[in-house]
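Subject: Structure to look at

Hi,

Here is the structure I promised to pass on. Have a look at it first, then read on.

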Amino acid sequence: VNPLDPDLLPGGSSSGSAVAVAEGAADIGYGTDTAGSIRIPAAFCGLAGLKTTYGRISLTGIWPLAPSLDTVGPLAPDAAGLVAAMGLLEPGFTVNSGPARRLGRIRPPTDDADPRVDAAIDAVLQASDLEVIDVEVTGWTDALAHAHLMIAAEAAAVNAALLASPASDGKISVAVRQRLEEGSTVTAQQLETARAYQRLWTATLSGIFGEVDALALPTVAFFPPPLAAAGRRMYQSQLTAPVNLAGLPALALPVPAEHRLPASLQLVGPAGGEELLLATGAVLEEVTGYRR
């Protein structure tokens, strides 16, 4: 149940961890993020969340969803909580780098965008001392489609034995079974095309960091939707899944908006740039003054 409003979605996967932190039952939480499942619950519950660089944190002992995209990361009320949580995932973790100096503001195409979210992001960036320039990134929609195709195919492969087992009857929901069956129809050629695009997309985003230190955009383009919207699969991850495809780290940070609920700012950094993102997040928190 979303502590901000019980009639609204708390996020997708990892929303249990987000709710535990948001309602004060836990100081920090952990989740997995394959298409946005740390950042989206963080956005919907008014928390900070960190998707780590692909491969930085071991996935040993975690049941995979899509091994090519899966990551682990923390959820907390603020950036300082994320730093503490990272220290438990990676002993010795400290933020010893300064914040970003130059941010690239990107505006990927989205459905159902709420203009108050973009306005909230712009207001925070304008109030900061950071230099912000507009950056155009082409291919976002294609990256989203390829990310979801890879997730579907790999999830079907990981769970093939479970799906085929008579013992699973009645233990897998109709919706999940349908998604796994759809994933099993992805051809080897389709998957190879997606992996080829992944390499191109990773190079495209990584190349931008010669021009800016980090990218800024909304985490989700709208405020938490009602529970009845839970069945809509791709639209929540429009601004997060392409980041997973590139394997880059990303920070979700609540920011005040002209709405009764906060919006969420997403900062995307270069591979291994978690420290940079957390240092920048701490600076932006001081600008927003937002506190749970």
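Below is what turned up in it, spot by spot.

First, a caution: this is a predicted model, and the values here are computed from it.

**The cavity**

Start inside. There is one cavity of 30 Å³ or more in the structure, and its volume is about 50 Å³. To find the place, pick out the residues that line it: Ala43, Phe44, Val117, Val220, Phe222, Phe223, Pro224, Pro262, Ala263 and Ser264. Two elements, α2 (39-45) and β8 (263-268), give two or more residues each to this lining. What sort of residues are they, by class? Nine are nonpolar, one is polar and none is charged.

**An aromatic pair at the cavity**

The structure holds four aromatic pairs. One of them is formed by Phe44 and Phe222, and this pair is tilted, with 6.5 Å centre to centre and 45° between the planes. You have met both names already, as Phe44 and Phe222 are among the residues lining the cavity. Phe44 sits in helix α2, while Phe222 belongs to the loop between β6 (214-218) and α9 (241-246), so the pair ties together parts that are 178 residues apart in sequence.

**Two helices side by side**

Now turn to helix α3 (residues 79-89) and helix α10 (residues 274-288). Their axes come within 9 Å and cross at roughly 155°. Since an angle over 145° counts as roughly antiparallel, that makes α3 roughly antiparallel to α10. Which residues meet there? From α3 come Ala79, Leu82 and Val83, and from α10 come Leu278, Gly281, Ala282 and Glu285. This contact has five nonpolar residues, one polar and one charged.

**A pocket**

Last stop: the second largest pocket, which has a volume of about 170 Å³. Its lining is made of 10 residues, and those nearest its centre are Pro109, Asp111, Thr141, Leu144 and Gln238. Sorted by class, the lining has six nonpolar, three polar and one charged.

Try finding each spot in the viewer, and write back if you get stuck.

Cheers

Key:
Residues are numbered from 1 along each chain as its sequence is written. This is a predicted model: local features need pLDDT of at least 70, side-chain atom pairs count only at pLDDT 80 or more; totals for chains, interfaces and linings use all residues. Side-chain values use heavy atoms; hydrogens and water are left out. On a 1 Å grid over the protein atoms alone, a cavity is a set of points where a 1.4 Å probe fits but cannot get out, and a pocket is an open set with protein on both sides within 12 Å along at least five of seven lines; lining residues have an atom within 4 Å of a point. Grid points are joined across faces, edges and corners, and a volume is the space filled by probe spheres set on the points. Helices (H or I, at least four residues) and strands (E, at least two) are DSSP runs, numbered from the N terminus. Ala, Val, Leu, Ile, Met, Phe, Trp, Tyr, Cys and Pro count as nonpolar, Asp, Glu, Lys and Arg as charged, and the others, Gly among them, as polar. Axes are lines fitted to C-alpha atoms, for helices over the stretch in contact, and angles run from 0 to 180 degrees between N-to-C directions. Angles under 35 degrees count as roughly parallel, over 145 as roughly antiparallel, 65 to 115 as roughly perpendicular and the rest as oblique. Contact means heavy atoms within 4.5 Å. Rings of Phe, Tyr and Trp (its six-membered ring) pair if their centres lie within 6.5 Å; planes under 30 degrees apart count as stacked, over 60 as edge-to-face and the rest as tilted.
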